[in-house]
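Biologist: Could you walk me through this one in plain words? I'd like to ask as we go.

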Amino acid sequence: MKKEKAIVVFSGGQDSTTCLFWAMERFAEVEAVTFDYNQRHSLEIECARDIAKELGIPHHVLDMSLLNQLAPNALTRKDIAVVDGEDGELPSTFVPGRNLLFMSFAGVLASQIGAKHIVTGVCETDFSGYPDCRDVFIKSLNVTLNLSMDQNFVIDTPLMWLNKEETWEMADKLGAFDFVREKTLTCYNGIMADGCGECPACKLRKKGLEDYVKRRQVTL
């Protein structure tokens, strides 16, 4: 185990919870940060709090309500439908600037708590076309954060090149398969665990789970 400290950008969903377990296995100290931007479901924040408490992880919740004001979309407005992008357009769930702001504030917090590593669950394999989930963006931001604060942060992206099936596999190898399946919130409609089964996030999660179960013959 490294003697270094990490902070995990944490939403309480499948990906960030898997990253939390990943970080706990690798670093001597781990803290988590969740952003309150008046998102569609406040249950997301409660879920993140509950997970951090159960795992004994120090947890920070930062007020980012300005993002809600600046970026009306399906994750910040209940009257906007959740739909996939068509003809090259971004999905209605894309929040402009979200990861740029989240990672920047996570960097400021990391500097205050003495964390060198910033862990995020962004992924370029199953990323719905979000431009701020791309590897090139993360690498660029890593350089910018280090220059802006004269630090040597490392942004870790353990899921960057994994699909959802492989993310379930990682959770299983970390001994967190049941925990992630039962105690996380991925659903855009705010339903815990396996979710509504109909929104894009649930469909992606479900397909990955079914593919992994089929391949590894895991008992549901």
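Modeller: Sure, one term to start: a contact means heavy atoms within 4.5 Å. Also, this is a predicted model, where local features need pLDDT of at least 70, side-chain atom pairs count only at pLDDT 80 or more, and totals for chains, interfaces and linings use all residues. Residues are numbered from 1 along each chain as its sequence is written, and side-chain values use heavy atoms, with hydrogens and water left out.

Biologist: What share of the contacts with a separation of 6 or more joins residues 24 or more positions apart?

Modeller: Take the contacts in the protein chain with a separation of 6 or more. Those between residues 24 or more positions apart account for 71%.

Biologist: How many helices and strands does the protein chain have?

Modeller: Helices (H or I, at least four residues) and strands (E, at least two) are DSSP runs, numbered from the N terminus. Along the sequence they read β-α-β-α-β-α-α-β-α-β-α-α-α. That makes eight helices and five strands.

Biologist: Which helix gives the most to the largest nonpolar core?

Modeller: A nonpolar core is a set of buried Ala, Val, Leu, Ile, Met, Phe, Trp, Tyr and Cys residues joined through side-chain atoms within 4.5 Å. Buried means under 20% relative accessible area, exposed over 50%, partly exposed in between (1.4 Å probe, protein chains only). The largest core here has 63 residues, and I7 is among those with the most contacts inside it. The top contributor, with six residues, is helix α4 (residues 98-113).

Biologist: Is D135 buried or exposed?

Modeller: D135 lies in helix α5 (residues 135-149), and D135 touches E124, M160 and W161, leaving aside residues up to four places away in sequence. Its relative accessible area is 14%, so D135 counts as buried.

Biologist: At roughly what angle do the axes of α6 and helix α8 cross?

Modeller: Axes are lines fitted to C-alpha atoms, for helices over the stretch in contact, and angles run from 0 to 180 degrees between N-to-C directions. Helix α8 covers residues 200-216, and its axis comes within 7 Å of that of α6. They cross at roughly 65 degrees.

Biologist: How many charged residues are in the contact of α6 with α8?

Modeller: Asp, Glu, Lys and Arg count as charged, Ala, Val, Leu, Ile, Met, Phe, Trp, Tyr, Cys and Pro as nonpolar, and the others, Gly among them, as polar. On the α6 side are K164, E165, W168, E169 and D172. The contact has four nonpolar residues, one polar, and charged ones numbering eight.
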